[in-house]
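Here are some notes for a colleague who is about to look through this model. Please read them with the structure open.

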Amino acid sequence: MAALREWIAGRAPGARLPTSRMLVAEYGASPVTVQKALRTLVAQGLIETRPGSGTFVRAVRTARPLDFSWQTAAMRSPNSHLGGLSPALRAAPQGSIALHSGYPDRELLPDRLVRSALARAARSEAALTRSPVAGLPELQSWFAHELGSATPVGVTPPLSSDVIVLPGSQSGLATIFRALVTAGAPLLMESPTYWGAIQAAAQAGVDVVPVPSGPQGPDPDELDRAFLETGSRVFYAQPTYSNPTGAQWSETTTTQVLDIVRAHGAFLVEDDWAHDFGIDTDPHPVAARDDAGHVVYVRSLTKSVSPSLRVAAIIARGPAKERILADRSAESMYVSGLLQTAVLDVVTQPGWQTHLRNLRPQLRARRDLLLTSLREHAPDAHITTVPAGGLNLWARLPDGTNLERLVADCETAGVLIAAGSSWFPAEATGPFIRLNYSGPNPGAFTDGARIIGQALASTR
């Protein structure tokens, strides 16, 4: 081995080694010993084998620190200060109890429908053709019809031409904020709210103005005052099963918010991300009550169909729709027709409605199990609102709780939780955690709650 190393050190990269037979003869070693030595040198990166050609000396690269400092001067300061990776997107280590995720477990997805739809889509013309910029007409029609079916008498339902198909609702929020708010202008936003909307607002460079929101929705007086004081013309909200709190707007709140938005000549951006996750109630989109273009409706299928099929839609009317479409086409040109075809296949199958009906009791059982476990083993994690739908529980912790330490202690014990600070567009109003009851292994919820309770007790 030492002699071979010395031979390699004296040769240029790419030099060919003698054959195994020649090495056996030169060093008086057995063929097995020679092969073992060659395998060791390959593993150490000193030589490489090329099938049919032989064995050659590799170029040995000396490890050295890389200097990227020039990029700091080239890029200057960022226009927006985006936070790090959200806790909801972290990968869970094997064997951990994952209560942090923002996505439902695979067993809650329409597995067979998705796989069959993808197979059919791959054999269709969609696999080789470009989609229209606004989306496949059939999928546009499906989104419009779904919202239209909830539209009361006296309100004109949306047309398929009012629909813009998106590669996921996250990109849609960034588009809406750029198109309707513009950089530097104020954007009203529920607080707490979806962390991705906060990120999208930062990326768009808008000035976020928090509006306090509770179990019944935002305080109408606070919302009206925010419009008056800031001159904002856009309010972002999640009226149905809000992430993270699970709150659903009451009928009274919906009416008051719509009246305020109309009075200020403003837009309500309605994020209906959890439309398919009702448990005790049904979703009632605010957009179904508006035909004057005040509500810009965002409807996602990513979480309910499959996280691999990132498809969503914006429904907007009038010039607002054209402005949003212009930004959307500049951002991504069009959405993959293959994904649109597969998603359309899933949601138009009879099995889709069957899946949604079966999903309700599964979500209810998971929610109630986690809720019961927390009340028994972590009573200091106070659930102020039992969500009637959605995927999450929002827990208020005792004042003075060290959230950073709590999250770290839980993770050390094998439980992943999400600190609530990520869901506030400004300072958090207290220590909160968000727990997802739709994640994997609900049988571990009790153990997870016990660990959270123990960690809470040790941080106080």
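The points below take up one helix and then one pocket.

1. The model is a predicted one, and what follows should be read with that in mind.

2. Helix 5 covers residues 111–123, and at 1.5 Å a residue its 13 residues should span 18 Å; the C-alpha atoms at its ends lie 19 Å apart, which agrees with that expectation.

3. Within helix 5, the buried residues include L113, V114, A117 and A121. These residues cover an arc of only 95 degrees around the axis, which puts them on the same side of helix 5. An α-helix has 3.6 residues a turn, so residues three or four places apart point the same way.

4. What covers that buried side? Among the elements over the buried residues of helix 5 are helix 11 (302–305), helix 13 (337–347) and helix 14. On the other side of helix 5, by contrast, R112, R115 and R123 are exposed.

5. The largest pocket holds about 410 Å³ of space, and 19 residues line it, with H275, D282, P283, L356 and R360 lying nearest its centre. By character, the lining of this pocket divides into 8 nonpolar, 5 polar and 6 charged residues.

6. Which helices supply at least two residues each to the lining of the largest pocket? They are helix 6 (137–148) and helix 14 (350–377), and the largest share of the lining, 6 residues, comes from helix 14. Helix 14 thus appears in both parts of this note, since it is also among the elements that cover the buried residues of helix 5.

Terms used
Residues numbered from 1 in each chain as written. Predicted model: local features only at pLDDT ≥ 70, side-chain atom pairs only at ≥ 80, totals over all residues. Heavy atoms only, no water. 1 Å grid on protein atoms, 1.4 Å probe; cavity = no way out; pocket = protein on both sides within 12 Å on 5 of 7 lines; lining within 4 Å. Points joined across faces, edges and corners; volume = space filled by probe spheres on them. Helix = DSSP H or I, 4+ residues; strand = E, 2+ residues; numbered from the N terminus. Nonpolar A, V, L, I, M, F, W, Y, C, P; charged D, E, K, R; others polar. Expected span 1.5 Å × (residues − 1). Buried < 20%, exposed > 50% of the residue type's maximum accessible area, 1.4 Å probe, protein only. Arc of directions from axis to C-beta. Contact = heavy atoms within 4.5 Å.
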